[in-house]
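I sat down with this one to see how the chain is put together. I kept short notes as I went, starting with the sheet and ending with single residues.

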Amino acid sequence: MHDQRFVYVLISTVHTNRYYTGLTSDVAARLAAHNAGLSKHTANGRPWRIVTTIEFSDSERAEAFEKYLKSGSG
């Protein structure tokens, strides 16, 4: 069974040195939520735009990659 997930990277259009990395199954809906201020981590950087998305066929690999990107190594 495939569980399609996306790791995405956003950039603030106001603070252009600020990025946010997240995980979702619906990139468009998640971007809309970030830009609506529904995430406390991104509310003050609005609006956000997508830098990149990476598609995974299973959630475990997607979660591991997101964790890697959020670590100091990523």
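These are my entries, in the order I looked things up.

**Before starting**

I am working from a predicted model.

**Entry 1: the sheet**

I started with the strands and asked in what order they sit in the sheet. I found three strands in an open sheet, ordered E2-E1-E3, with antiparallel pairing. E2 and E3 are the edge strands, each pairing on one side only. From one strand to the next, the twist averages 20°.

**Entry 2: E1 and its partners**

Next I followed E1 out to each side. With E2, I found antiparallel pairing over six bridges. E1 and E2 also make a hairpin, and six residues lie between them. One spot I checked on that side is leucine 10, which stands opposite tyrosine 20 in E2.

On the other side, E1 and E3 run antiparallel and are joined by eight bridges. I looked up two positions here. Valine 7 has isoleucine 54 of E3 as its bridge partner, and phenylalanine 6 stands opposite glutamate 55, also in E3.

Then I asked how many residues of E1 are buried. I got eight of its eight, so I noted the strand as mostly covered, taking buried to mean under 20% relative accessible area. Both faces are covered. Arg5, Val7, Val9 and Ile11 are buried on one side, and Phe6, Tyr8, Leu10 and Ser12 are buried on the other.

**Entry 3: how the helices sit on the sheet**

I looked at H1 and saw that it lies across E1, E2 and E3. The helix runs at about 150° to E3. H2 packs on the sheet too, touching E1, E2 and E3. The direction of H2 makes about 170° with that of E2.

**Entry 4: H2 up close**

H2 covers residues 59-70, which is 12 residues. I get 16 Å from its first C-alpha to its last, close to the 16 Å expected at 1.5 Å a residue.

Which residues of H2 are buried? I listed Ser59, Ala62 and Glu66. Looking down the axis of H2, I see these buried residues fall within an arc of 60°, so they line one face of the helix. An α-helix has 3.6 residues a turn, so residues three or four places apart point the same way. The face of H2 turned away from the buried side carries Glu60, Arg61 and Lys67, which are exposed. I also checked what covers the buried residues of H2, and the list includes strands E1 (5-12), E2 (19-24) and E3 (48-56).

At the start of H2, I noted that a side-chain oxygen of aspartate 58 comes to within 3.2 Å of the backbone nitrogen of glutamate 60.

**Entry 5: glutamate 66**

I picked glutamate 66 out of H2. Buried or exposed? With 15% relative accessibility, glutamate 66 counts as buried, because the cut-off for buried is under 20%. Leaving out neighbours within four places in sequence, I see glutamate 66 in contact with Val7, Thr21, Gly22 and Leu23. I also took the C-alpha separation from glutamate 66 to valine 7, which is 6.1 Å for two residues 59 places apart along the chain.

**Entry 6: serine 57**

Where is serine 57? I found it in the loop between E3 and H2. Its relative accessible area is 42%, so I put serine 57 down as partly exposed. Serine 57 and phenylalanine 6 are 51 residues apart in sequence, and I get 8.8 Å between their C-alpha atoms.

**Entry 7: histidine 34 and serine 39**

I went back to H1 (residues 27-35) for histidine 34. At 0% relative accessibility, histidine 34 counts as buried. What does histidine 34 touch, not counting residues up to four places away in sequence? I listed Tyr8, Leu10, Tyr20, Ser39, Thr42, Arg46 and Trp48. With tyrosine 8 there is also a polar contact of 2.7 Å, side chain to side chain.

Serine 39 turned up on that list, so I followed it, and found it in the loop between H1 and E3. Serine 39 is buried, with a relative accessible area of 6%. Leaving aside neighbours within four places in sequence, I see serine 39 in contact with Arg30, Ala33 and His34.

How values were computed: Residues are numbered from 1 along each chain as its sequence is written. This is a predicted model: local features need pLDDT of at least 70, side-chain atom pairs count only at pLDDT 80 or more; totals for chains, interfaces and linings use all residues. Side-chain values use heavy atoms; hydrogens and water are left out. Helices (H or I, at least four residues) and strands (E, at least two) are DSSP runs, numbered from the N terminus. Buried means under 20% relative accessible area, exposed over 50%, partly exposed in between (1.4 Å probe, protein chains only). A polar contact is a pair of N or O atoms within 3.5 Å; within protein, one must be able to donate a hydrogen and the other to accept it, and residues adjacent in sequence count only if both atoms are side-chain atoms. Contact means heavy atoms within 4.5 Å. The expected span of a helix is 1.5 Å times one less than its number of residues. The arc is that of the directions from the helix axis to the C-beta atoms. Two strands pair if DSSP finds at least two bridges between them. Axes are lines fitted to C-alpha atoms, for helices over the stretch in contact, and angles run from 0 to 180 degrees between N-to-C directions.
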